[in-house]
Structures are given as C-alpha cells and as structure tokens.
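Here is a short tour of a protein model for anyone meeting it fresh. Take a look at the sequence and the 3D view, then read on.

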Amino acid sequence: MSAEAEEVAHDTVEAAVRAQLAKALGGVRGIIEAAVPTIAFTLSWITTEDLKLSLIISISLSVVLLVVRIIQRSTPQFVINSLIGIAIGAFFASRSGDAKDYFLPGILYNAGYAVAMLISIVTRWPVVGFLIGSVTGDPTAWHKDPGIVRLCTRLTWLLMLPCAVRVAVQGPVYLFGGGDEAVAALGFAKIVMGWPLQVAALAAMLWVLGRGRTPIKPPAPA
C-alpha cells in the first residue's frame, strides 16, 4: 500500500499508530517462538549444567521454528529476530564459559534501547513520532504539531518502560548472582518480562490511543 493510500485509510494519528503497532506484533505464535528457545536453554542448563548442549538445543529449536515458517510460507521475521538474539547470546556464553552470559546481550540491548528512547524524549523527537512519518511519507512533518509531539512523547514513555524494567531487574541478577540460581532467575525473568511485559505496554499505548482523535494533518487555514 502506498503512503498516500495509508494516509487515506488512517485519518488520525491514533489510527495510524495502532496500525503500525499491529504490524510490529507477532501474535500468540510470535510470543511462543520467542520464548521456547530460552525455556529450553534454561531447563537444559539446570538439568545438565552442560553449556554446549544447552546452546545446541536452544539454537536447534530456533532453526526448526524457522524452517516451519519457511515451509508454511509465513513471515519468518519474528523467528529470525529471535534466532539472531539467541546466536549472539550463545556466542557470549561460549566465549566466557559462563551460562549467564547467554542473557547479557538482551540486557545490553534493552539498556541501549531505553537510553535511545529517553534521548528522543528529552530532545522532543520521540521515536513513536516516526511511525507517523512512515505513514505520511514525510518523516518529520509530524514534529510541527505540538499535539502530536505530546501524544508521541507519552507513547514513547510507555514503549520505553518495559526495557527499563528489564534492565532494573535482570541487571543486578547478572552482576551479583551466581550458579544455577542466577541462570534460572535470568531465564524466568527473560520469559516473564519478554512478550508479556511488552504486550502490557502496548495495551497501555492502545488505551491512550483510544482516547483521542488527532488529525494526521492539521486543518487547512481558512
């Protein structure tokens, strides 16, 4: 669909952002595909304490999920994203020999994402605003409307919150925890604070979006 067609389909900021958020979700299947490899890694490590075996099982499951997507000719985007994250985590853990390093890239990713979104809020260029730009075809025109900037700022705070919570909870466990308990706690936290927390944040965003009708383009002057 062209930018012009999308703009006609979404005549308000709220409708446009809702549509873009829907594209970003993988649905129930996406949630399961993201969680299964982490669950497998955590249970395998707790059961066997064999890092290599645990990594092989985790990566193999991701590859199987990817192959299923390809065979079914459905979008592999969410599985590929998960597989890349798992591969990076496996690299970290295999290099150090410490199973909890499997979770380090995710913690660093969330920290970086939270900082980037905070900077966008402070500079009054909230990242959610660029969702509007992707619909209108002009990536910065939305910034001229103070009402849209305020709305996108609130939405960016909500989008940032899960990342900040993950770092606040998982960071201390990674830094100060040790042994099977730390791996189990990190695995549990990654699953609970993954899609469930993201869905909660997106639900809050949709609630905010449902309360207003901000035109994508301001009314033409009389």
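Leaving aside its neighbours within four places in sequence, which residues is Asn110 in contact with?

## Asn110 and its partners

The answer is a short list: once neighbours within four places in sequence are set aside, Asn110 touches Cys163, Arg166 and Val167. Bear in mind that this is a predicted model. Asn110 itself belongs to helix H6, which runs over residues 104-122. Its relative accessible area is 9%, and since anything under 20% counts as buried, Asn110 is buried.

## The overall picture

Step back and you'll see a chain built from helices: there are 10 of them, and 0 strands. Reading along the sequence, the pattern goes α-α-α-α-α-α-α-α-α-α.

The protein chain has 222 residues, and 40% of them count as buried. About 11900 Å² of the chain is exposed, with carbon and sulfur atoms supplying 70% of that area. As for who touches whom, take the contacts with a separation of 6 or more: residues 24 or more positions apart account for 73% of them.

## What the UniProt record lists

The unreviewed UniProt entry uses the label "transmembrane region" for residues 53-71, 78-94, 114-135, 155-176 and 182-209. Two of those spans are worth a look in the model. Residues 78-94 come out as 100% helix and 0% strand, with 24 Å between the end C-alpha atoms. Residues 155-176 are also 100% helix and 0% strand, and here the end C-alpha atoms lie 33 Å apart.

## A look at Thr156

Now find Thr156, which sits in helix H8 (residues 146-176). Is Thr156 buried or exposed? With a relative accessible area of 0%, Thr156 is buried, because the cut-off for that is under 20%.

Thr156 has company, too. Its side chain reaches the backbone oxygen of Cys152 at 2.7 Å. Leaving aside neighbours within four places in sequence, Thr156 is in contact with Met117, Ser120, Ile121, Pro126, Val127 and Val128.

## Aromatic rings

How many aromatic pairs does a search of the whole structure find? The search turns up 8. One of the pairs is made by Phe91 and Phe92, whose rings are 6.3 Å apart centre to centre with 80° between the planes, an edge-to-face arrangement. Phe91 is partly exposed at 46% relative accessible area, and Phe92 is partly exposed as well, at 31% relative accessibility.

Tyr102 and Phe103 make another pair: their ring centres are 5.2 Å apart and their planes meet at 85°, so this pair is edge-to-face. Why does it get that name? Planes over 60 degrees apart count as edge-to-face, and the 85° between Tyr102 and Phe103 therefore qualifies. Both of these residues are buried, with Tyr102 at 5% relative accessibility and Phe103 at 2%. Together with Phe41, Tyr102 and Phe103 form one aromatic cluster.

## A charge over a ring

One last stop involves Lys100 and Tyr174. The charged end of Lys100 sits over the ring of Tyr174, at 5.2 Å from the ring's centre. Tyr174 falls inside the numbering of helix H8, residues 146-176.

Definitions and conventions. Residues are numbered from 1 along each chain as its sequence is written. Side-chain values use heavy atoms; hydrogens and water are left out. Rings of Phe, Tyr and Trp (its six-membered ring) pair if their centres lie within 6.5 Å; planes under 30 degrees apart count as stacked, over 60 as edge-to-face and the rest as tilted. Buried means under 20% relative accessible area, exposed over 50%, partly exposed in between (1.4 Å probe, protein chains only). A charge sits over a ring if NZ of Lys or CZ of Arg is within 6 Å of the ring centre and within 35 degrees of the ring normal. Helices (H or I, at least four residues) and strands (E, at least two) are DSSP runs, numbered from the N terminus. A polar contact is a pair of N or O atoms within 3.5 Å; within protein, one must be able to donate a hydrogen and the other to accept it, and residues adjacent in sequence count only if both atoms are side-chain atoms. Contact means heavy atoms within 4.5 Å. Accessible areas come from the Shrake-Rupley method with a 1.4 Å probe; for residues, only the protein chains shown count as cover. UniProt positions are given in the numbering used here, feature names are shortened, and annotations may be inferred rather than shown by experiment.
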